[in-house]
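Here's a quick tour for anyone opening this structure for the first time. Have a look around it, then read on for the points to find.

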Amino acid sequence: MQPDTTSMTQPHLQQQQQERRPHVAVLAFPFSSHAASLLTVIRHLASAAPASTAVFSFFSTHKSNRSLFPIPPQPTTSTITTTTTTTTTTTTTTTTSSSSSSAFNMIKAYDVTDGVPEGYVFHGKPQEDIGLFMRAAPEGFRKAMEAAAVDSGKRITCVVADAFFWFAEEIAAELRVPWVAFWTSGPSSLAAHLYTDLLRNKLHITDGIAGLGDERLNDFIPGAPRGSDEYGCLPWLDNQKPAPASVAYISFGSVTVPPRSELVAIAEALEASGVPFIWSLKEEVWDHGLPDGFLGRTREQGMLVPWAPQVDILSHGAVGAFVTHCGWSSLLEGIAGGVPMICRPFFGDQRLNGRMIGDVLGIGLTVEGGAITKEGLVRSLGMILNGDEGKRMREIVRHLRLQAGKALSPTGSSTGNFNKLLQVITTGAPPC
Ligand SMILES: O=c1ccn([C@@H]2O[C@H](COP(=O)(O)OP(=O)(O)O[C@H]3O[C@H](CO)[C@@H](O)[C@H](O)[C@H]3O)[C@@H](O)[C@H]2O)c(=O)[nH]1
């Protein structure tokens, strides 16, 4: 009898095929909303890549991963009772429900070190945690990537990394694989980074580039999981619907808390104007950051919440103005919702973004004097919610929303760029 050579070589072939599957290492910057933005794109790539071809390993700190990846639910025991006229059946089932989509299942999270030495006591310096992380990051990512390659049985074939990690180029070169740098913000701030030498040497701008200064972050407060409406903002907005575009939504992103003087100015402006509002503000500043009795007095007028389903709020017809710090995702979400903005930028790219919204696109106002005042905010809310200026802005922003929709259509520019990226990560080949 002849030996069955096919069956003998099968496991070997399968192993080879398995090893050859693209394995994309995704290196996330674990602070503010960077990791969440990167994960959003990776989820899209994972759903677009055929399930049998690619796997994604997502590297971030433990704290960041816990906020992004749902913890798998524990098996639960439920009792189902079915009653008919003749019999009673009791069935006990064990269900392991999962909210993860199949795209999510193709992405495996790996923790990297946060760089904080054991027993370390923070000194309260600005960006201290970022500094510790960045020092440990090159080695931390290398180690975690090695572990993921062993764990999955697949060598890494592509590195997609937050553009903050210049060392990712070196890691990709060591592995002889493509490096894709992911810029989480807009084109203006990217251009300012790319042309820094030109600005310094040719235009002699040596005192810092507007919008890329070294302004300090107020705090770091971990972003809560997005999407859920646990405080009931959306039903509350539904009740405001009879007066469309009449509500102000206020949020300063996942990191920034304005100074107390501006929190008080916002609160006083809301009370003085009577504008209905939803204000997303970290709960820890409610007690000492707001005027006495504000919460009680505005119970009927608006909602103060620690975290809001921002994307859904901005696309709700009742919302007519967005007071924002000009983080890139917030601006995109404002445009997608067709809402004019009142810009109060704080640090990094935000001032460039604010200039674009106010001066270039004409879909918002920048706060006068760089800080929010009661009178200034009352005036800006009036102009946007009730004035002709606001109507004009709403028309422009709605036109931009349509343009954005076109870019995302099957033949749109954004879809084209996405497909090029998909080609790089699934084949390792540069786009033509
Ligand atoms: O109550 C809230 C508040 C915020 N968000 C979401 O949190 C994200 C905030 O992102 P973004 O507007 O980009 O702000 P930051 O988190 O502050 O982002 C950091 O990263 C951005 C991308 O690099 C930069 O543009 C910013 O300046 C920087 O602060 C958005 O998706 C919001 O929808 C909510 O869902 N609910």
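Let's start with the salt bridges: there are ten of them in this predicted model. Side chains of opposite charge can pair when their charged atoms come close. After those come the aromatic rings, a cavity and a few single residues.

**Salt bridges**

- Arg 66 and Asp 111 meet through their side chains in a salt bridge, with N and O 4.0 Å apart. Because Arg 66 sits in helix H3 (residues 62-68) and Asp 111 in strand E5 (residues 107-112), this pair ties together parts that are 45 residues apart in sequence.
- Both ends of that bridge are partly exposed: Arg 66 has a relative accessible area of 36%, and Asp 111 comes in at 37%.
- Strand E5 also holds Lys 108, whose salt bridge goes to Asp 151, with the closest N and O atoms 3.0 Å apart. Asp 151 belongs to helix H5 (residues 128-152), so to speak a distant part of the chain, 43 residues from Lys 108.- Lys 108 is partly exposed, with a relative accessible area of 44%. Asp 151 is partly exposed too, at 44% relative accessibility.
- A third bridge joins the side chains of Arg 379 and Glu 368, at 3.1 Å from N to O. Arg 379 is in helix H16 (residues 374-386), while Glu 368 is in the loop between strand E13 (364-366) and H16, and eleven residues separate the two.
- Here the two partners fall into separate classes: Arg 379 counts as partly exposed at 43% relative accessibility, whereas Glu 368 counts as exposed at 56%.
- Some bridges join up, too: Arg 142, Glu 170 and Glu 174 are linked in a network.

**Aromatic rings**

- How many aromatic pairs are there? The count comes to 19.
- One of them is Tyr 120 with Phe 122, an edge-to-face pair with the ring centres 5.2 Å apart and 85° between the planes. Tyr 120 is partly exposed at 26% relative accessibility, and Phe 122 is partly exposed as well, with a relative accessible area of 42%.
- Phe 252 and Phe 346 make another edge-to-face pair, this one 5.9 Å from centre to centre with 85° between the planes. The pair links distant parts of the chain, 94 residues apart.
- To find those two rings, look for Phe 252 in the loop between strand E8 (247-251) and helix H10 (260-273), and for Phe 346 in the loop between strand E12 (341-343) and helix H15 (350-360).
- Are Phe 252 and Phe 346 buried or exposed? Phe 252 is buried, with a relative accessible area of 2%, and Phe 346 is buried at 12%.
- Phe 346 has a charged partner as well: Arg 344 lies over the face of its ring, 3.9 Å from the ring centre.
- Elsewhere, ring pairs link a whole set of residues into a cluster: Phe 29, Phe 31, Phe 133, Phe 141, Phe 164, Phe 165, Phe 167, Trp 183 and Phe 220.

**The cavity**

- Rolling a probe the size of a water molecule over the atoms shows where empty space is left. A search of the whole structure turns up one cavity of 30 Å³ or more.
- The volume of the largest cavity is about 60 Å³.
- Which residues line the largest cavity? Phe 252, from the ring pair above, is one of them, and the others are Ser 251, Gly 253, Thr 256, Val 257, Pro 258, Ser 280, Leu 281, Lys 282 and Pro 306.
- By type, the lining splits into five nonpolar residues, four polar and one charged.

**Single residues to look at**

- Most residues other than glycine have a negative phi, and most peptide bonds are trans.
- Arg 176 isn't a glycine, yet its phi is positive, at about 55°. You'll find Arg 176 in the loop between helix H6 (167-175) and strand E7 (179-182), and at 78% relative accessibility Arg 176 counts as exposed.
- Ala 245 also has a positive phi without being a glycine, this time about 50°. Ala 245 is in the loop between H9 and E8, and it is buried, with a relative accessible area of 14%.
- Cys 233 belongs to helix H9 (residues 233-240). Cys 233 is buried, with a relative accessible area of 0%.
- How far apart in space are Cys 233 and Gly 338? They are 19 Å apart, C-alpha to C-alpha, and 105 residues apart in sequence.

Methods. Residues are numbered from 1 along each chain as its sequence is written. This is a predicted model: local features need pLDDT of at least 70, side-chain atom pairs count only at pLDDT 80 or more; totals for chains, interfaces and linings use all residues. Side-chain values use heavy atoms; hydrogens and water are left out. Rings of Phe, Tyr and Trp (its six-membered ring) pair if their centres lie within 6.5 Å; planes under 30 degrees apart count as stacked, over 60 as edge-to-face and the rest as tilted. Buried means under 20% relative accessible area, exposed over 50%, partly exposed in between (1.4 Å probe, protein chains only). Helices (H or I, at least four residues) and strands (E, at least two) are DSSP runs, numbered from the N terminus. A charge sits over a ring if NZ of Lys or CZ of Arg is within 6 Å of the ring centre and within 35 degrees of the ring normal. On a 1 Å grid over the protein atoms alone, a cavity is a set of points where a 1.4 Å probe fits but cannot get out, and a pocket is an open set with protein on both sides within 12 Å along at least five of seven lines; lining residues have an atom within 4 Å of a point. Grid points are joined across faces, edges and corners, and a volume is the space filled by probe spheres set on the points. Ala, Val, Leu, Ile, Met, Phe, Trp, Tyr, Cys and Pro count as nonpolar, Asp, Glu, Lys and Arg as charged, and the others, Gly among them, as polar.
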